[in-house]
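Please walk through the structure shown below, beginning with a single side chain and moving outward to the chains and the contact between them.

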Amino acid sequence: MNSFKALVKREYWENRGSIFLSPAIIAAVLAAIMILGTITGDTFVETHHGEINLWDKFPQAVEEFNNIEEEKRTQAIQISLYAPRILFGFVMMLICLFYCLGSLYDERKDKSILFWKSLPVSDTATVLSKFVSVCFMIPIVYFAVVAAFQVFLLVYGTVLAWFGGSLGVNVWTSSNLFGVLFNSLFSFVVATLWLAPLWAWFMFASAWAKKVAFLWGTLPIFMVAIAEGWIFRSSHFIEMVGERVARGFTTLNSDMHFLVGKDMFDEHYVAKWYEVLGESGFWIGLIVAAGFLAGAIYTRRYRDES
Amino acid sequence: MSTLIEAKGLSKSYGSHQALKSVDFKVERGRIVGLVGPNGAGKTTILKAILGLTSYEGDLTVLGMNPERQRHQIMQKVSFIADVAVLPGWLKVANALEFVTEVHPNFNLERAKYFLGKTNISMDAKVKQLSKGMVAQLHLALVMSIEAELLVLDEPTLGLDILYRKEFYNQLLTEFFDEGRSILVTTHQIEEIENLLTDLIFIRDGNIVLNATMDEVTNDYIEVMVSKDNIAQAEALNPVMSRDVFGRKVYLFQGVSREQLEVLGELHSPSVADLFVAKMKEGK
């Protein structure tokens, strides 16, 4: 168990840039833009009445905010808290894709595989540690960065409220912050787990590829799709893959969908994370993933490149 | 004495090419065995089979276990350095120590810190920031801190300059090797390790052509510097090889008594390199 933890830690060390630094930098840049935008905002905003001073408008805006119904206010705040997840979720999926493609290929490219194999760690533990990293460690780190950004948004809102002459307490009381955090955490993890068969396939391709793991990972998917179209005149396979990917994104952002009045995604494709857990497609995906992982373990164990 | 490695009829084919043709050998505890052969002779195949990194035919036991099936257990007692370049560039020295401590039940962290303390390697440095020699020092520090019974070295000093190469083997001998352990080493630079070795295995085209202790080699093989007058007599004793040195002939004999040879000229023990050349040319 200790050694499994060490293996996951190793994945973090190796990929710290994409797993932690990328979202952290995006969050920091967004925060900086918002702060600078507010401070310098008055010089940019011009209407047909001429230049207006944003600062003068604060009290009015804050008063309006305080006067709207509690329900609407909660909705507005939660939408602004969930919104960043669309961007961070998209970045995370891309990071996961490239992480998987490199997971069992890079170590062969730089020959470090011989060092890792000189230690008493089984191939099964190694491959599983990489799978656990993509399905749990990466989404949890992204969740943590998004959580920090959400707290920043609330602090930012509070400070704006102060300038508008309000205490800003309702920014927090209407936010349902703990509910938002709870839903965020599970949405991140369930969405990546929903995509597990794709991650496992890319890991298998990564273990298998002699060169350019990206092509080994993506071309077969298109080749199967083309072959199916040619032979059966149908497109079930590529539709299935497309739906899998799309549902990954909708699962990640379902909270947003329900908040904005259920018109963000196609009704058919969207479900809350706990509903996804109850779907057979979710569990079938994990079984398919197990098959690809077995292939990746076997390939890493018995591959002999000399 | 116990046997750490035993191979019987060990064979390996890559397609139609037979890399190993049914070889037998043993490595006993407390020995330093040099596995020497030209490129493509099958050295690396033997090492890979021992480490469970390739499939093979025949019988092979390492520490009483089967390397194909029990690789994971074997690696708790066997260490290896394959080449100086295998530590990944992104790895921080401190993280390398932390990782090995957590995954290896027989790793001694204090020892590793002690070894690293004698070098200029900083704990915060990443492997890619270190020179080739320093990477080798780091790898050696890690490996020497593992309580292993068998250490396998495959061209461990390739690409290192002479100072690091000497230091590498000196450290192994003084800080790691003892009668409880064995080292199996392959290298192209035989001159560097010939004084270290206790046993010698020569391999050519997938066959073992020499398998002896260094004592046996010194007793069995004698080099004689023969003056011109005695050349005919020397040739009559069937030398394994002859070469010209400064206008005189040097003959290598196998299994000929010292008394017989003494009358021909000055006797020497052949260097492993000369013996190697002789063995590789034999029968060709």
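Is Trp273(A) buried or exposed, and at what relative accessibility? In this predicted model, Trp273(A) has a relative accessibility of 9% and therefore counts as buried, the limit being 20%. Its ring is paired with that of Tyr274(A): the centres lie 5.3 Å apart and the planes meet at 80°, so the pair is edge-to-face. Tyr274(A), at 46% relative accessibility, counts as partly exposed. The pair belongs to a set of 21 aromatic pairs found over all chains, and elsewhere in chain A ring pairs link Phe88(A), Phe149(A), Phe152(A) and Tyr156(A) into a cluster.

Chain A, in which these rings lie, has 15 helices and 2 strands, and its C-alpha trace spans about 75 × 45 × 35 Å along the principal axes. Of its 306 residues, 46% are buried, and among its contacts with a separation of 6 or more, 77% join residues 24 or more positions apart. Thr192(A), in helix H9 (residues 177–194) of chain A, offers an example of a buried position, with a relative accessibility of 0%. Beyond its neighbours within four places in sequence, Thr192(A) is in contact with Met92(A), Cys96(A), Val134(A), Cys135(A), Pro139(A) and Trp199(A).

Charged side chains provide another set of links, with 21 salt bridges over all chains. In chain A, the side chains of Asp255(A) and Arg85(A) meet in a salt bridge with an N to O distance of 2.7 Å. Because Asp255(A) lies in helix H13 (residues 254–259) and Arg85(A) in helix H4 (residues 70–103) of chain A, this pair ties together parts that are 170 residues apart in sequence. Both partners count as buried, Asp255(A) at 4% relative accessibility and Arg85(A) at 0%.

In chain B, Lys26(B) forms a salt bridge with Glu6(B), the closest N and O atoms being 3.9 Å apart; Lys26(B) lies in strand S2 (residues 17–28) and Glu6(B) in strand S1 of chain B, so the pair ties together parts that are 20 residues apart in sequence. Here the partners are partly exposed, Lys26(B) with a relative accessible area of 45% and Glu6(B) with one of 24%. A further salt bridge in chain B joins the side chains of Arg29(B) and Glu149(B), at 3.3 Å from N to O. That pair links distant parts of the chain, 120 residues apart, with Arg29(B) in the loop between S2 and strand S3 (32–36) and Glu149(B) in the loop between H5 and strand S6 (150–154) of chain B.

What, then, brings the two chains together? The contact takes 31 residues from chain B and 26 residues from chain A, and the chains bury about 2,600 Å² between them, 63% of it on carbon and sulfur atoms. In chain B, Trp90(B), Phe99(B) and Glu102(B) lose the most area to chain A, together 27% of what that side buries. Glu102(B) also meets Lys9(A) in a salt bridge of 3.1 Å, N to O, and the count between the chains is 2 salt bridges and 6 residue pairs in polar contact. The largest share of the side of chain B that touches chain A, 6 residues, comes from H3(B); by class, that side has 18 nonpolar, 7 polar and 6 charged residues. The buried residues of H3(B), including Phe99(B) and Val100(B), pack against helix H1 (2–14) and helix H6 (113–116) of chain A together with helix H4 (109–117) and H5 of chain B.

Terms used:
Residues are numbered from 1 along each chain as its sequence is written. Chains are lettered from A and ligands numbered from 1 in the order in which they are written. This is a predicted model: local features need pLDDT of at least 70, side-chain atom pairs count only at pLDDT 80 or more; totals for chains, interfaces and linings use all residues. Side-chain values use heavy atoms; hydrogens and water are left out. Contact means heavy atoms within 4.5 Å. Buried area is the accessible area (1.4 Å probe) that two parts lose on being put together, summed over both. A salt bridge is a side-chain nitrogen of Lys or Arg within 4 Å of a carboxyl oxygen of Asp or Glu. A polar contact is a pair of N or O atoms within 3.5 Å; within protein, one must be able to donate a hydrogen and the other to accept it, and residues adjacent in sequence count only if both atoms are side-chain atoms. Helices (H or I, at least four residues) and strands (E, at least two) are DSSP runs, numbered from the N terminus. Ala, Val, Leu, Ile, Met, Phe, Trp, Tyr, Cys and Pro count as nonpolar, Asp, Glu, Lys and Arg as charged, and the others, Gly among them, as polar. Buried means under 20% relative accessible area, exposed over 50%, partly exposed in between (1.4 Å probe, protein chains only). Rings of Phe, Tyr and Trp (its six-membered ring) pair if their centres lie within 6.5 Å; planes under 30 degrees apart count as stacked, over 60 as edge-to-face and the rest as tilted.
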